[in-house]
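Hello,

Here is the structure I promised to pass on to you. Please have a look at it first, and then read on for what turned up.

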Amino acid sequence: MRFETLAIHSGDRPDRTFGAVSAPIYQTSTFAFEEVGKTKGYDYSRTANPTRKVLEDTIARLEGGKAGFAFATGMAAEATIIHLLKAGDHVISGDDVYGGTYRLFQDVMPDFGLEFTFLRMDNRQKIEAAIKPNTKLLWLETPSNPLLNIVDVEMAVDIAKKHNLMTVIDNTFATPYFLKPIDYGVDLVVHSTTKYLNGHCDVVGGAVVTTTDELTDRVQFLLNAMGTCASPFDCWLVLRGIETLAVRMKQHEANAAAVAEYLTKQSAVKKVFYPGLKSHPGHEIAKRQMRGFGGVVSFELGDVGAAKTFLNRVKVFSLAESLGGVVSLAEHPASMSHASMPADYRKKVGISDKLVRLSVGLENIDDLIEDLEQALRRL
Ligand SMILES: *Cc1c(COP(=O)(O)O)cnc(C)c1O
């Protein structure tokens with residue numbers, strides 16, 4: 001079956017008990033045993049839950065992996081899988097990863113003996129030079145948040161395989177509709193389902209997709225041991241969101257491409273970051289490895305004052321963190337989504353104070369452009 005069909009039919013649907021077409025919400029903590037030692041497949045909802053299982057199977061099929069796991073948030077998913085490592089291990093991570101990922105790696109995990117090197121994943125020699133005897137993991141994010149930098153996934157996996165490293169990719173921005181990292185040999189895919197997979201800004205959630213039985217057993221163990229799983233109701237919401245993922249992603253992209261094109265023509269706008277633009281340094285790689293360029297566009301105005309004025313003026317776009325919903329959002333990475341990165345580090349990786357990030361939603365494109373126009377006036 002193809003993507004659109006898998007998004008609607010994967011997992012145990014219709015439900016086997018009564019034929020419910022919408023996956024039932026098994027809002028229960030525990031399950032009655034038939035007799036001592038014999039269950040109907042579930043015993044306790046931290047370990048597994050039937051609603052969660054439908055979502056997990058759906059995400060796993062869409063990514064083309066072995067098994068899926070649903071977490072309370074994207075960060076819960078990341079925090080759980082970083083525990084696949086042990087004290088003394090070293091991780092090489094993109095330097096422009098999501099702010100919360102950077103905070104987890106920089107400010108939390110080193111206290112437990114993990115070591116991190118952050119670098120721009122755009123050059124084979126640079127990555128190879130960072131590999132040490134204790135390096136175990138390459139952590140990739142593409143397109144990255146908020147600069148939309150592109151990692152050549154094939155190159156990164158090639159390096160990892162040569163040096164016996166595990167690869168994790170944060171596929172939140174592209175979604176499996178635009179990028180299938182497992183086709184390139186990535187070991188683990190992580191998502192903030194809060195964003196496009198759910199798509200309606202009404203839930204926080206995360207997911208992990210595995211590629212081997214060994215990783216599947218280990219992630220299931222960690223999820224249960226750490227208790228980082230998603231609730232049945234949240235799983236149901238994400239599942240409903242995923243049913244329309246394909247149509248939403250197509251329209252997000254069409255609107256984002258129009259917004260990016262419009263922004264390149266405005267004198268107040270100094271620089272536009274969108275992998276679909278020919279001027280984007282990662283455009284050729286993105287074109288090769290992705291089916292589309294996604295729905296996030298970032299741009300720089302003349303100074304931080306102009307960025308703030310623009311953000312205070314937008315009306316159709318809401319001034320809010322997060323992305324990937326049907327509603328358009330605009331935000332200021334330096335003071336919002338990436339405030340968890342120290343200012344000098346943001347500067348080093350290119351996240352300036354004049355940067356604005358747009359999550360282009362599914363409103364009529366003319367209303368979006370008119371909103372940008374009134375917000376950019378005389379800046
Ligand atoms: C939002 C986000 C996360 C974190 O997910 P939460 O659901 O907010 O915990 C991780 N990675 C990327 C790329 C994100 O955009």
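Let me start with one alanine: leaving aside residues up to four places away in sequence, Ala79 touches Leu104 and Met226. Ala79 sits in helix 3, which covers residues 74–81. Its C-alpha is 9.7 Å from that of Val108, with the two positions 29 residues apart in sequence terms. Please keep in mind throughout that this is a predicted model.

Now to the overall layout. The domain assignment splits the protein into domain 1 (3–242) and domain 2 (246–376). The C-alpha centres of domain 1 and domain 2 are 25 Å apart. Across the boundary, 40 residues of domain 1 make contact with 42 residues of domain 2. Together the domains bury about 3400 Å², and 62% of that lies on carbon and sulfur atoms. Within the area that domain 1 buries against domain 2, Tyr177, Phe178 and Tyr196 account for 24%, more than any other three residues.

What about polar links between the domains? There are 17 residue pairs in polar contact between domain 1 and domain 2, counting pairs with both residues at pLDDT 80 or more. Five helices each supply at least two residues of the side of domain 1 that touches domain 2: helix 1 (3–9), helix 4 (99–108), helix 6 (153–162), helix 7 (175–178) and helix 9 (232–242). Helix 4 gives the most, with 4 residues. Sorted by class, this side of domain 1 has 22 nonpolar, 11 polar and 7 charged residues. The count of salt bridges between domain 1 and domain 2 is 1. You may also like to look at the salt bridge of Arg288 with Asp152, where the closest N and O atoms are 3.0 Å apart.

The ligand comes next. It has 14 residues around it, and Met75, Asp170, Ser192, Thr194 and Lys195 come nearest. Two of these residues have side-chain N or O atoms facing ligand oxygen: for Ser192 the distance is 2.8 Å, and for Lys195 it is 2.7 Å. A polar side-chain atom of Asn145 also lies 3.4 Å from an oxygen atom of the ligand.

Back to salt bridges: the model has 18 salt bridges by count. One that you can pick out is between the side chains of Asp89 and Lys136, at 3.1 Å from N to O. Asp89 belongs to the loop between helix 3 and strand 2 (90–94) and Lys136 to strand 4 (residues 135–141), so this pair ties together parts that are 47 residues apart in sequence.

Finally, some backbone points for you to check. Most residues other than glycine have a negative phi, and most peptide bonds are trans. Against that background, the peptide bond from Arg13 to Pro14 is cis, with omega near -10°. Pro14 is in the loop between helix 1 and helix 2 (50–63). Thr142 and Pro143 are also joined by a cis peptide bond, here with omega about -15°, and Pro143 lies in the loop between strand 4 and helix 6. Thr175 is not a glycine, yet its phi is positive, at about 65°. You will find Thr175 in helix 7.

Happy browsing, and do write back with your thoughts.

Best wishes

How values were computed
Residues numbered from 1 in each chain as written. Predicted model: local features only at pLDDT ≥ 70, side-chain atom pairs only at ≥ 80, totals over all residues. Heavy atoms only, no water. Domains from an automatic or database assignment. Contact = heavy atoms within 4.5 Å. Buried area = accessible area lost by both parts, 1.4 Å probe. Salt bridge = Lys/Arg side-chain N within 4 Å of Asp/Glu carboxyl O. Polar contact = N/O pair within 3.5 Å; in protein donor to acceptor, adjacent residues only side chain to side chain. Nonpolar A, V, L, I, M, F, W, Y, C, P; charged D, E, K, R; others polar. Near = heavy atom within 4 Å.
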